[in-house]
Protein chains: 2
Amino acid sequence: MAFDRLIKAIADKQNPTVAGLDPKLAYIPDYIKEQAFEKYGKTLEGAAEALLVYNKGLIDELYDIVPAVKPQAAYYEMYGWQGVKALAETIRYAKSKGLFVITDGKRNDIGTTMEAYANAHLGTTEVQGEEIEAFGADALTVNGYLGTDGVAPVTKVCQGTDKGMFILVKTSNPSSGEVQNQQLEGDETVYLHMGMLCEQWGKELVGRYGYSGVGAVVGATYPEQLTELRKELKHTFFLVPGYGAQGGTADDIGGAFDSNGLGAIVNSSRGIMCAWQKEENLPPQDYAKAARREALKMKELLLDVTGEIKLP
Amino acid sequence: MAFDRLIKAIADKQNPTVAGLDPKLAYIPDYIKEQAFEKYGKTLEGAAEALLVYNKGLIDELYDIVPAVKPQAAYYEMYGWQGVKALAETIRYAKSKGLFVITDGKRNDIGTTMEAYANAHLGTTEVQGEEIEAFGADALTVNGYLGTDGVAPVTKVCQGTDKGMFILVKTSNPSSGEVQNQQLEGDETVYLHMGMLCEQWGKELVGRYGYSGVGAVVGATYPEQLTELRKELKHTFFLVPGYGAQGGTADDIGGAFDSNGLGAIVNSSRGIMCAWQKEENLPPQDYAKAARREALKMKELLLDVTGEIKLP
């Protein structure tokens, strides 16, 4: 139910980290690319093959220490349907290793169209009576600008499962305030208004640990808002981007967690994926080992903030 | 530059219609599905094949009377990467027939991630020095909740081309007001604030007909807001969903157009695609002919509203 499986994995591994899988070609060691391009030429197939090999290597070194991975759909779509196939295969591989998979697609639409996205990414698609999993992730990021019509189809697919969504509330980027920080009449901000909608949308989906299947994206780069939103949104689990490369530090995210050290999972993409590019004299074949070292370092920094993570 | 090519096509064809291509299996005649499933089994490949055959039939009957088509990404993603491949092939086929293609993906993200979406859907992807078109549409719908950081990467890709984007401003669904109609301090609504941002984002992309490459999505179901936004957003071209199946009528959309009959393109998806299901005794092989008849009917209704469409 809801994010119970994710939350239990965070506690079991004592690690509130989600590792981003945003595999631009520039992040991938040459030897992987050379093998892929030798096989498929300088094509989208070749690029997609390199992405998948790179991801599998990372997953093999991370699955026992992080509870979740977050592939960013954009980095697969840019390599065409071939890249999207690599996304599907990445998700399948990560799940086979017991990881909770959050597809970062920021999808949004209404009615039957949003239902199509929900079925695509979290549910199954009916093909002449057969139910087939298209992508089969465990959670999807969603943009809530269209209101309830854009969220209800996802809650419907998540009902009774341990899948869920994360709605953009206060994003980590510098310009997020242009819309999200606008003050509404009655003194609420747009982001707080969106956050309160998350509480409402999640009401029927609260799991055993007190959090619902409707989470919120709140950036590590805005510590004050993290603290404010944690206080206001008691049943809303946070996905926290912006840590590391975007400037958020472990100190910034203290406010995201509740007294059990739960309530949030912190994303690092480039920090973990590209760790190999920062270690001197590292054989490129050890790129995933460097990712593991970085992930363990991050885990320690986060545990300093949360203290021991306890299931309530 | 900007939407000049789209606008010229609207004037040339005297038709401000965009035909939605949202090919759910339920909309596709049995004979197409049977052939596809015979070839590929009851699989996502089979479904994707049916989608593509169906779309090509529609495009063949529509390309000389409508200026544009709008495939909705969700209906392809629900059939997995195989469906996404059918999306890429649909776009390529539509472009080969001279149609302007708007991918309705409502994508949104920031920085290099949004750049990846822009390259995926509108630009090209670099693969070891080769520039390859992944999807190659002419326009993309975008959700602006993240502010400038989520839009600038798209304007960068569109700069100097005749490609563009449509930002969600006031969407057609019943719950769109939950966020979009909120009143800001100073009496602006969230949707008007978003609209004014579109004007600002498009400033450097205004084409020869006075409209920029940053358009806005404004629903046919909200005629007052259409009129208000047309008046306030002088350089912003509108994509108008919600006509037909969602309840918007030709009378509702008068406010979307300027005095030349330009300023907006009106979407119909199910109305055109599913026309064949409403004609009695129609041989299913004529499904696309029924779509053509419906599209011609819609064109006449819209021209009654716009009058003769003139290039300024």
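Two residues are in contact if their C-beta atoms, placed from the backbone, lie within 7 Å. Helices (H or I, at least four residues) and strands (E, at least two) are DSSP runs, numbered from the N terminus. Axes are lines fitted to C-alpha atoms, for helices over the stretch in contact, and angles run from 0 to 180 degrees between N-to-C directions.

The model is predicted: local features need pLDDT of at least 70, side-chain atom pairs count only at pLDDT 80 or more, and totals for chains, interfaces and linings use all residues. Residues are numbered from 1 along each chain as its sequence is written, and chains are lettered from A and ligands numbered from 1 in the order in which they are written.

**Exercise 1. Describe the strands of the barrel in chain A and the helix α5 that lies across β2 of chain A.**

Step 1. In chain A, eight strands form a closed barrel in the order β1-β2-β3-β6-β7-β8-β9-β10, with parallel pairing; strands pair if DSSP finds at least two bridges between them. From one strand to the next, the twist averages 30°.

Step 2. Strand β2 (residues 68–71) of chain A runs parallel to β3 (residues 100–107) of chain A, and two bridges join them. A:Ala68 stands opposite A:Phe100 of β3(A).

Step 3. Helix α5 (residues 80–96) of chain A lies across β1 (17–21), β2 and β3 of that chain, at about 180° to β2(A).

**Exercise 2. Determine how helices α2 and α3 of chain B cross.**

Step 1. The axes of α2 (residues 30–40) and α3 (residues 44–62) of chain B come within 8 Å and cross at roughly 140°.

Step 2. The residues in contact include B:Phe37 and B:Tyr40 of α2(B), and B:Val53 and B:Tyr54 of α3(B).

**Exercise 3. Explain why helix α6 of chain B is largely enclosed.**

Step 1. A residue is buried if 20 or more other C-beta atoms lie within 10 Å of its own, the C-beta atoms being placed from the backbone.

Step 2. Eight of the eleven residues of α6 (residues 111–121) of chain B are buried, so this helix is largely enclosed by the rest of the structure. Among them are B:Met114, B:Tyr117 and B:His121.

Step 3. The buried residues of α6(B) pack against α4 (73–77) of chain A, and against β3, β4, β6 and α7 of chain B.

**Exercise 4. Relate chain A to chain B.**

Step 1. A turn of 180° with a shift of 0.0 Å along the axis lays chain A on chain B with an RMSD of 0.0 Å; the superposition is by least squares on the C-alpha atoms of residues with pLDDT of at least 70 in both. This is the relation of a two-fold axis.

Step 2. A:Leu184 is the residue of chain A that comes closest to the rotation axis, at 2.1 Å (C-alpha).

Terms used: A residue is buried if 20 or more other C-beta atoms lie within 10 Å of its own, exposed if 12 or fewer, and partly exposed in between; C-beta atoms are placed from the backbone.
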